[in-house]
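Biologist: Shall we look together at the spaces and cores inside this protein? I would like to begin with the enclosed space.

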Amino acid sequence: LFYNDYKDQVLTSLLSVAQAVEFLGGPQNVPLPDNTSLALVVSYSYNAADSKIYGANIEGGFDLPYNINLDFNALWLEAKVVKAQPIQDFRYQADVAPNDAVFRSIDGKRLPRTPRWQLNTSLSQTFDLPSGKLDYVLSAGYRSAQFMTIFNGEDFTPATVERRLDDRVGGYWTFDVGAGYSHGTDNKLRVEGYINNLTNSVHEAAIIITQFDNTRFFTRPRTYGGRIRLKF
């Protein structure tokens, strides 16, 4: 079991210079060099919120007959903002959409990239052969739904639905498989084969939302290959 109580947690967003200046109290508080473009988008980090992160982690395994091993790691996680100053809605740009690029409350929002449930499990087995050992492993992982920005996909002006604000990634499974052969009793020669992301299930690993973009970075597709290891 674990419990973390954060004070003044640092969050990072993409803001135009104009928004960053407003966030800091206006031009009187932020001297800028001459000819600075207020539309320039910059990465801005700030002490935004108090949050609570707590949950439970269970890890274990079973030694089964025939050299079969079943291992698992399960995590339940809660991670929410409990007190925060309003922050600029960085999904809009102040010089383009001033009525939307305003300060919004993030109290009660779930922290980005914190799925409530996570599970990793593997099934492995080893066979003794006259010439060496043969083994395999089957792995599975699950992530429940999660949000990729601190606004949790909320559209504060629902009269005009904007799909680009959707930052929710649904829950998904991944599966990996691998097998290998170790020759002799000294394991100096080993041959392995593997397939990662067996079902070729690709999902968003990160999402960046700005005034004009909804940029998504994805997990790796199915990959496979082999390895040979020789010790001298």
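Modeller: Happy to! A cavity is a set of grid points where a 1.4 Å probe fits but cannot get out, and its lining residues have an atom within 4 Å of a point. Keep in mind that this is a predicted model.

Biologist: Which element gives the most residues to the lining of the largest cavity?

Modeller: The lining includes Leu14, Leu15 and Ser16, along with Phe90, Tyr92 and Gln211. Strand 1 spans residues 2-16. The top contributor to this lining, with 3 residues, is strand 1.

Biologist: Nice. How do the residues of that lining divide into nonpolar, polar and charged?

Modeller: Val41 is one of the lining residues, and so are Gln19, Gln93 and Thr210. They surround a space of about 50 Å³. The division is 5 nonpolar, 5 polar and no charged.

Biologist: Now the open space: how many residues does strand 1 give to the lining of the largest pocket?

Modeller: This pocket has a volume of about 400 Å³. Of its 18 lining residues, the closest to the centre are Thr12, Phe90, Pro112, Arg113 and Met148. Strand 1 and strand 12 (204-209) each give two or more residues to the lining. Strand 1 gives the most, and its number is 5.

Biologist: And which residues touch the most other members of the largest nonpolar core?

Modeller: That core has 20 residues, and strand 1, helix 1, strand 2 and strand 3 each supply at least two of them. One well-connected member touches Val10, Leu11 and Phe23, among others. The residues asked for are Tyr46, Val81, Ile87, Ile106 and Ile150.

How values were computed
Residues are numbered from 1 along each chain as its sequence is written. This is a predicted model: local features need pLDDT of at least 70, side-chain atom pairs count only at pLDDT 80 or more; totals for chains, interfaces and linings use all residues. Side-chain values use heavy atoms; hydrogens and water are left out. A nonpolar core is a set of buried Ala, Val, Leu, Ile, Met, Phe, Trp, Tyr and Cys residues joined through side-chain atoms within 4.5 Å. Buried means under 20% relative accessible area, exposed over 50%, partly exposed in between (1.4 Å probe, protein chains only). Helices (H or I, at least four residues) and strands (E, at least two) are DSSP runs, numbered from the N terminus. Contact means heavy atoms within 4.5 Å. On a 1 Å grid over the protein atoms alone, a cavity is a set of points where a 1.4 Å probe fits but cannot get out, and a pocket is an open set with protein on both sides within 12 Å along at least five of seven lines; lining residues have an atom within 4 Å of a point. Grid points are joined across faces, edges and corners, and a volume is the space filled by probe spheres set on the points. Ala, Val, Leu, Ile, Met, Phe, Trp, Tyr, Cys and Pro count as nonpolar, Asp, Glu, Lys and Arg as charged, and the others, Gly among them, as polar. Lists of a residue's contacts leave out its neighbours within four places in sequence.
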